[in-house]
Amino acid sequence: MEVLNMPASTTLARSAWAQGALCAAAAVLLGGVAWLLDPLANWLVGLDRAPMRAPAELLVSIPEPWLGVGLAALGALAGAAVILFDSLEQISVTVSGERVILKRTGHVQEIARGQVGHVFREKDRLVLLGLKGEEIAREKCDFSARRLASVFTEHGYTWVAADPYEDEFRIWVPKTPELPELANALLAARAEALKSSPSGESVKELRRELARNGIVVRDKGEQQYWRGPGRR
């Protein structure tokens, strides 16, 4: 009998160095963009008619060097804040032959190996499907598909390039007869939430509630597509 020597577990996590580098890069980028507002404001004030003229006049009324320094500092703070908020959604991934552990700020999800059917990366999300194709995890993840595939396959999980049940997605319309009343209500509520904040917490929670009811949802533009558990 062949004995496979697999590592006990592997953890993928954004390092403190990488986090700091991203914050610094974002701070420099947005700081530079903010600094460019000074000449833009002066240009707008010089026009006879221009949009945002009042804010531009307010900006140019601030004496130098305080205007340039202030704009650069605000841009730097905004850049750091963007990366900080992004990091709150990012996960660390620990994979072993027995379980997968997904951690992000304020949330830990532990999934037994026997529950996992397929694993793949969809855009910027790591997705785990159950044995019947149900969605059991979908988390923001900035690790490359190649790196994730290597870790999961190393521990015996089935990694796929895309959702194996892709051809079962159907466009959702209100009161879809194949769906139970609760699922239609949740999809209707999610459609409204998408209009105001496509990446808002309400949209995410409604997706999770649909998953708990066996419905997988995908967005294409402003339209929702759905499927039930896979049949393969």
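## A tour of the predicted chain

Begin with the whole protein chain. Its exposed area is about 13,800 Å², and carbon and sulfur atoms supply 62% of that. Keep in mind that this is a predicted model. Colour by secondary structure and you will find seven helices and 10 strands. Of the 232 residues, 39% are buried. Now consider the contacts between residues at least 6 apart in sequence: 57% of them join residues at least 24 apart.

**Stop 1: helix H5**

Select residues 145-154, helix H5. Which of its residues are buried? Show Leu148, Ala149, Val151 and Phe152 as sticks; these are the buried residues of H5. They sit on the same side of the helix, because the arc they cover around the axis is only 170°. The general rule helps here: an α-helix has 3.6 residues a turn, so residues three or four places apart point the same way.

Next, bring up what this buried face packs against. The partners are strands E1 (9-12), E2 (92-96), E3 (99-104), E5 and E6 (125-130). Then step past the end of the helix. Gly156 follows H5, and its phi is positive, near 90°.

**Stop 2: Gln109**

Move to strand E4, residues 107-112, and pick Gln109. Where does its side chain reach? It goes to the backbone oxygen of Ile136, at 2.6 Å. Leaving out residues up to four places away in sequence, Gln109 touches Val100, Ile101, Leu102, Ile136, Ala137 and Glu139.

**Stop 3: Glu122 and its two arginines**

Salt bridges come next. The chain has 18 of them. Start with Arg138 and Glu122, whose side chains meet at 3.0 Å, N to O. This pair links distant parts of the chain: Arg138 is in strand E7 (residues 135-140) and Glu122 in strand E5 (residues 116-122), 16 residues apart. Both residues are buried.

Stay on Glu122 and select Arg218. Their side chains also form a salt bridge, at 2.5 Å, N to O. Arg218 lies in strand E9 (residues 216-220) and Glu122 in E5, so this bridge ties together parts 96 residues apart in sequence.

How buried are the two partners? Glu122 has a relative accessibility of 17% and therefore counts as buried. Arg218 is buried too, at 11%.

**Stop 4: Asp163 and Arg227**

Now select Asp163 and Arg227. They form a salt bridge, with the closest N and O atoms 3.2 Å apart. Asp163 lies in the loop between helix H5 and strand E8 (170-171), while Arg227 belongs to strand E10 (residues 223-227), so the pair ties together parts 64 residues apart in sequence. Check the burial of each side. Asp163 counts as buried at 7% relative accessibility. Arg227 is buried as well, with a relative accessible area of 0%.

**Last stop: the network**

Which residues share a network with these pairs? Select Glu122, Glu135, Arg138, Asp163, Glu166, Arg190, Arg207, Arg218, Asp219 and Arg227 together. Salt bridges link these residues in a network. Glu122, Arg138 and Arg218 from Stop 3 are among its members, and so are Asp163 and Arg227 from Stop 4.

Methods:
Residues are numbered from 1 along each chain as its sequence is written. This is a predicted model: local features need pLDDT of at least 70, side-chain atom pairs count only at pLDDT 80 or more; totals for chains, interfaces and linings use all residues. Side-chain values use heavy atoms; hydrogens and water are left out. Helices (H or I, at least four residues) and strands (E, at least two) are DSSP runs, numbered from the N terminus. A polar contact is a pair of N or O atoms within 3.5 Å; within protein, one must be able to donate a hydrogen and the other to accept it, and residues adjacent in sequence count only if both atoms are side-chain atoms. Contact means heavy atoms within 4.5 Å. A salt bridge is a side-chain nitrogen of Lys or Arg within 4 Å of a carboxyl oxygen of Asp or Glu. Buried means under 20% relative accessible area, exposed over 50%, partly exposed in between (1.4 Å probe, protein chains only). Accessible areas come from the Shrake-Rupley method with a 1.4 Å probe; for residues, only the protein chains shown count as cover. The arc is that of the directions from the helix axis to the C-beta atoms.
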